[in-house]
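This briefing introduces selected features of one protein chain. Please consult the sequence and the structure shown below while reading.

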Amino acid sequence: MTKWAVRGRAVLSRAGVPDAPAAKRWALVAIVDAVGTGMFLPISVLYFTVVVGLSAGSVGAGLGIAGLVGSLATPLSGTLIDRFGARKVVIGCWAAGAAAYVGFLGVRDWTGLVVVASVAHAADRMVNPARKVFLTTIADAEDQVPLMAFQRAVLNVGFGIGGLAAAAVLALGSHTGYHALLVVNAVSYTGAIALVLTIDVIRAPQPPEPGRPRAGYRQVLADRRYVSLATLNVLVLMYSTTFTIGMPLWVYEYTSAPAGLVGLLFTFNTVLVVLLQMRTARSCTSPAQAPRVYRAAALLFVLAAIGYWAAHRSGGATLVVIGLLVLAVFAHTLTELFGAVGEWTVSMGLAPERLRGRYLSLFGLSLAAQEAAGPVLVTTLIAADTDLAWFALAALLVVGCLASAWLVRTTAGPDTAQSPAAASPIEPDRATPPAS
């Protein structure tokens, strides 16, 4: 092993990555993927308006259609994972993603944008459950949530690097810079594929038993507890939409804070995620511990709501307003950290192994639902009543978190036989009933 490899392992260990070869390699995959994606996302809309020459409205409509296609493709991912294995789906999705970003170089009109963006969005949506399932085959139970946390922290670093790259491209004002970022993103996908091929699986998926009916989404939907948790996750994910949509609108329109504070608050959030996500992940490594992180998320978001409301009601004292907003964003970010940990632990830990792909694909639909309904709900509530808006949003998230905590804690009942033991996210479900 070279000294650079030794140093790299030491850095990953200090970052909290479990000391296992597969975990280290997966961490490198996360870094490569995050940097590539983070470079292009900040300027994606600008590419289609500045370089391709489309109007902002048409770009928004085209990307909206592509997002819908991606959401509809998510269930297909679960079927492919359970039939062919998570590694093959991850590789296939990243290969499609690489092809799509190269394809963006050839987009000349709105139809081309919709077609290529639909491929990119479908690949992005479908790879999410595949990555989680693959993670369960290469890491022990106690290492899975920390690896998810590392992946998320690295993604924020990637966005930070992407912001710098975007700033450089915008400063140069050259179309070549946009094209270069597209190529770099495509290359990052191929690099991630090469790394995934080198990772050893420590726990192969159970093959179907001879003569046993093939299980499918009918069985997933029959697991009422899991379906309920996936539905409630739409409310839990309010922490995301309220930050990306609600916070900037609130600061700019309803407080006396300077407009430039919005960017600084986003940076503050990013830094906190990078610094604290691994630490919060250690607080919950099995479904049995999930209720307390859900309760923590609920309490913290109530505090954030109070902070936002107080910043609005405090008048024109700029320093006071800024201080209240910083505290609100701090509590909001902690909500995000604990909410994400609860989501990972529950979605992975309560999914039977034979149908883990379909289970996680179903859970992934909660994000699509929140992205579709969340912005409208947040903006409507804020416009309707500035005094009650944040408390109404907090009530929705609190209901989602507390109901999720109660469902996870409730292990008895008719659904128990269809869920694996809560103590280990990767214990195989040895009593999965046949599809009805």
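Glu343 has a relative accessible area of 13% and therefore counts as buried, since the cut-off for burial is under 20%. The model discussed here is a predicted one. The points below begin with the salt bridge that Glu343 forms with Lys132, continue with two further charged pairs, and end with helix α16.

**The pair Glu343 and Lys132**

- The closest N and O atoms of Glu343 and Lys132 are 3.9 Å apart, and the two residues form a salt bridge.
- This pair joins distant parts of the chain, as Glu343 belongs to helix α14 and Lys132 to helix α6, with their positions 211 residues apart.
- Lys132 is buried because its relative accessible area is 14%.

**Salt bridges in the whole structure**

- Side chains of opposite charge can pair when their charged atoms come close.
- Four salt bridges are found when the whole structure is searched.

**The pair Asp82 and Arg358**

- The side chains of Asp82 and Arg358 form a salt bridge with an N to O distance of 3.0 Å.
- Here too distant parts of the chain are linked: Asp82 lies in helix α4 (residues 56-84) and Arg358 in helix α15, 276 residues apart.
- Asp82 has a relative accessibility of 22% and so counts as partly exposed, whereas Arg358, at 7%, is buried.

**The pair Arg125 and Glu371**

- A salt bridge also connects the side chains of Arg125 and Glu371, at 2.2 Å from N to O.
- Arg125 is part of helix α6 (residues 110-138) and Glu371 is part of helix α15; the two are 246 residues apart, and the pair links distant parts of the chain.
- Arg125 counts as buried because its relative accessibility is 14%.
- Glu371 has a relative accessible area of 41%, and it is therefore partly exposed.

**Helix α16**

- Helix α16 comprises the 21 residues 389-409.
- What span should helix α16 have at 1.5 Å a residue? The expected span is 1.5 Å times one less than the number of residues, so the helix should span 30 Å, and its end C-alpha atoms are indeed 30 Å apart, in agreement.
- The buried residues of α16 include Ala389, Trp390, Leu393, Leu397, Gly400, Cys401, Ser404 and Val408.
- These buried residues of α16 pack against α10 (224-236), α11 (238-254), α13 (290-313), α14 (318-349) and α15 (356-384).
- Among these partners, α14 is the helix that holds Glu343, and α15 holds Arg358 as well as Glu371.

Methods: Residues numbered from 1 in each chain as written. Predicted model: local features only at pLDDT ≥ 70, side-chain atom pairs only at ≥ 80, totals over all residues. Heavy atoms only, no water. Helix = DSSP H or I, 4+ residues; strand = E, 2+ residues; numbered from the N terminus. Buried < 20%, exposed > 50% of the residue type's maximum accessible area, 1.4 Å probe, protein only. Contact = heavy atoms within 4.5 Å.
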